[in-house]
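Here is a short tour of a protein model, from its interior to its surface. Have the viewer open as you read.

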Amino acid sequence: MLENFNFRIIWEYMPFFLEGLRNTFLISIVSLVLALLVGISACACRLSQWRLLRGAATIYIESIRSTPLLVQIYFFYFGLPTLGLRIPEIQTGILALMLNSGAYIAEIVRAGIVSVSAGQIEAGIASGLNYFQRMRFIILPQALGVTVPPLLGQAIVLFKDSALLSMIAVAELTRSGQVLSSERFMPSEAFLTVAFFYLCIYFFLKSLADWSQKKLIFREAY
Amino acid sequence: MIKFEGVHKWFGKLHVLNDINLHVTSGEVVVICGPSGSGKSTLIRCVNRLEKFQKGKLWVDDVPLHDHGVNLTQLRAEISFVFQQFHLYPHMTALQNVILAPVNVRKMNKAEAADLGRETLTRVDMADKFDSYPAQLSGGQQQRVAIARGLAMSPKIMLFDEPTSALDPEMIGEVLDVMVQLADEGMTMCVVTHEMGFARQVAHRVIFMDEGELVETGQPDSFFDNPQTERAAQFISKILTH
């Protein structure tokens, strides 16, 4: 079986793969940073006292979480231009990944904030700290401890999800595999190489997640 | 210092505080006991407005808590509260726990606050644990840090909500010792507890609550040895037989 495996062709296409890898990296990082901003803002809205903000955030989060990412990508890519908004593929891809991950991140951050026990908040209230001081000194530092590992998990998901952008012809990693596969008809070489690169990214992020888990989680006080 | 006048509170239909009248003077140590669910915790939680009440009047340090627009943050800075479950901040060291409020509420500068914090922790016999995190401390040590956290605000009143109920028996003594010391120094204290020894030693008054009512009040010795009401007698016989 392996005698048919053509390593030479992989080597030949290596620059092409590396360019795909670079694009996957750039798209994912940019999407992730933007998704964090969107997610934290959406979370703040969801926990807000104003019903309008809360409602808007809930609609955003639930509609993203209830629909497939591929459908969202198709909507932005094929749907937006018919509504008169024309943006290039890469930006469309980043927009879709940002909004998609943003919704999940909003829920992760919210879970972190809600996980801080009522007793902690009462202790802060009882000692005369105001709302912002309690947030800054008591709630957020503890929420961060339980939030970082699942956030890195979401980053891994986002990296892998960026493969779906190949469906709208963004020249990322999976797309380079598709090109090799169709130009030379060597799908096993193409997609094993692609998978290998995803694996590398995964292990990098996973070790970061494991390290942060050890570093950041605090044991309860009793 | 603390004056309840006909205070009522309901949780939905449950009448948790029923016509409470109580006057605690400055420097007085009051022990509140009673069966679980009798409203003792709710009573002291009203004093720093962790709980609201629906009817009646309550003055704390001459501030009328029944009025709207009371500056609660300012009031709470003068009242320290010690919880049954300690509620230390797990991501901060003992010293950081103690100085958080002095720095941010009293606006003390950090170096000054750190001195105060070390001094206060020394008072509760935790001089060797400044930089320990709560998870590294035993229950008794955590509760003493929690008391130091309250003390560091130089409060006018200290409220204790079953401070020894979550502790292993061998640690109860070290926490009570600290509280006895505070009482001797003249702190105004309201303590929800069933520790009779502590009550006899330092309490000026024992208050017995049942079903939201303030049933009986008396000197510790006469209350425990010779209760006036049937309900108090029953309660005392129950805590004595175990």
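## Cores, cysteines and a surface patch

Among the 50 residues of the largest nonpolar core, those touching the most other members are Leu121(B), Ile147(B), Met158(B), Phe160(B), Met179(B), Met189(B) and Phe198(B). Such a core is a set of buried Ala, Val, Leu, Ile, Met, Phe, Trp, Tyr and Cys residues joined through side-chain atoms within 4.5 Å. With nine residues, helix 6 (residues 169-184) of chain B gives the most to this core. A second, separate core has 37 residues, including Leu17(B), Leu50(B), Phe53(B) and Leu75(B).

This is a predicted model, where local features need pLDDT of at least 70, side-chain atom pairs count only at pLDDT 80 or more, and totals for chains, interfaces and linings use all residues. Residues are numbered from 1 along each chain as its sequence is written, chains are lettered from A and ligands numbered from 1 in the order in which they are written, and side-chain values use heavy atoms, leaving out hydrogens and water.

Now to the cysteines. The count of disulfides (cysteine sulfur atoms within 2.5 Å) is zero over all chains. Two examples follow, with buried meaning under 20% relative accessible area, exposed over 50% and partly exposed in between (1.4 Å probe, protein chains only).

| Cysteine | Closest cysteine sulfur | Relative accessibility |
|---|---|---|
| Cys45(A) | Cys43(A), 9.0 Å | 22%, partly exposed |
| Cys190(B) | Cys46(B), 12 Å | 4%, buried |

On the surface, Phe25(A), Ile29(A), Val30(A), Val33(A), Leu34(A) and Leu37(A) form a nonpolar patch with about 480 Å² of accessible area together. Patch members have over 30% relative accessible area and no salt bridge, and nonpolar side chains are joined within 5 Å. Phe25(A) is partly exposed at 36%.

Methods: Patch = residues over 30% accessible without salt bridge, like charges linked within 9 Å, V, L, I, M, F, W, Y side chains within 5 Å. Areas by Shrake-Rupley, 256 points an atom, 1.4 Å probe, with all protein chains shown as cover. Salt bridge = Lys/Arg side-chain N within 4 Å of Asp/Glu carboxyl O. Helix = DSSP H or I, 4+ residues; strand = E, 2+ residues; numbered from the N terminus.
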